[in-house]
Amino acid sequence: MHDKDYFFDIILTMTIINHIVQLFYKSLDFIYKKKCYFCNSSRECVRMCSKCYDELQHTDIRINRVLNQKPVYSAGVYEKNLQKMIRGIKYHRQKELGFYMAKFMYEYFSQVIAEENLPKDYQVVPVPLHPKRKRKRGYNHMEIVAKEFCELSGFELNTDLIKRVKSTKPQYKLSFSEKMKNMENAFKAEKNQDKNKPVLIIDDICTSGATFTSMITELQNNGITDIYCLSASSPE
Ligand SMILES: [Zn+2]
């Protein structure tokens, strides 16, 4: 009987200790999340403080490149805090940075619309991940950015227009021709989608242009022709 009581006491004590430890970690997490991911300042209690955001630089308003006769616009150069932001959301689970990335992209694109006389409404299509890669990463970071982008712009989010059907190798290890080959037939457009509303494909970085080219080709083959591309960054 006494042994049983003793055993019960130990279980109870362990449970209480466990709760205390968990509370401790939760409060650490709370404090940690309130810090700026870039300069560590906790002054504004946000993940990116206004000083670090203001340091981001937009590129001039111009077409970055043309792929399959479609314009690609790029909001900034892949360096400094923009590079850290992209790597953070993509590889280090910093999902809260999605808002700042969307804001940075939309501030740029709304100027592009005005200066280049582009359509005023779009269906926004984040570059899809293959289901296997999405499962492994736990999320598609560009979907998070696209959602925030649509909140800011009032545009429509469309994650059903085109799917990734080929599990491709990471692009950065490949040569230019290997990249193009790797992305060939990587996407499949879905039937019964809106073919008339302009499509805005968004991605984090445009290097070889192989991803955008492959998506544009697949959409064009399915009768969708009003296409624009926007990347958060380009190498220069
Ligand atoms: Zn900061």
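**Note on the helix contact and the sheet**

1. Helix α4 crosses α6 in a right-handed manner. The model under discussion is a predicted one. Residues 97-116 form α4 and residues 141-153 form α6; the axes of these helices come within 8 Å and cross at roughly 55 degrees. Because this angle falls outside the ranges for roughly parallel, antiparallel or perpendicular directions, α4 is oblique to α6.

2. The residues that make this contact can be named on each side. From α4 they are G98, F99, M101, A102, K103, M105 and Y106, and from α6 they are H141, I144, V145, E148, F149, L152 and S153. Sorted by class, the contact of α4 with α6 comprises nine nonpolar, three polar and two charged residues.

3. The sheet is open and has six strands, in the order β1-β2-β8-β7-β3-β4, with mixed pairing. Its edge strands are β1 (65-67) and β4 (156-157), each of which pairs on one side only.

4. At the β4 edge, strand β3 (residues 123-126) and β4 run parallel and are joined by two bridges. Within this pair, V124 of β3 stands opposite L157 of β4.

5. Two helices that pack on the sheet deserve mention. Helix α3 (residues 80-91) touches β2 (70-77), β7 (199-205) and β8 (227-234), and its direction makes about 105 degrees with that of β8. Helix α8 (residues 210-221) also packs on the sheet, where it touches β1, β2, β7 and β8; the direction of α8 makes about 160 degrees with that of β7.

Technical notes:
Residues are numbered from 1 along each chain as its sequence is written. This is a predicted model: local features need pLDDT of at least 70, side-chain atom pairs count only at pLDDT 80 or more; totals for chains, interfaces and linings use all residues. Two strands pair if DSSP finds at least two bridges between them. Helices (H or I, at least four residues) and strands (E, at least two) are DSSP runs, numbered from the N terminus. Two residues are in contact if their C-beta atoms, placed from the backbone, lie within 7 Å. Axes are lines fitted to C-alpha atoms, for helices over the stretch in contact, and angles run from 0 to 180 degrees between N-to-C directions. Angles under 35 degrees count as roughly parallel, over 145 as roughly antiparallel, 65 to 115 as roughly perpendicular and the rest as oblique. A crossing is left-handed if the near helix is turned anticlockwise from the far one by less than a right angle, and right-handed if clockwise. Ala, Val, Leu, Ile, Met, Phe, Trp, Tyr, Cys and Pro count as nonpolar, Asp, Glu, Lys and Arg as charged, and the others, Gly among them, as polar.
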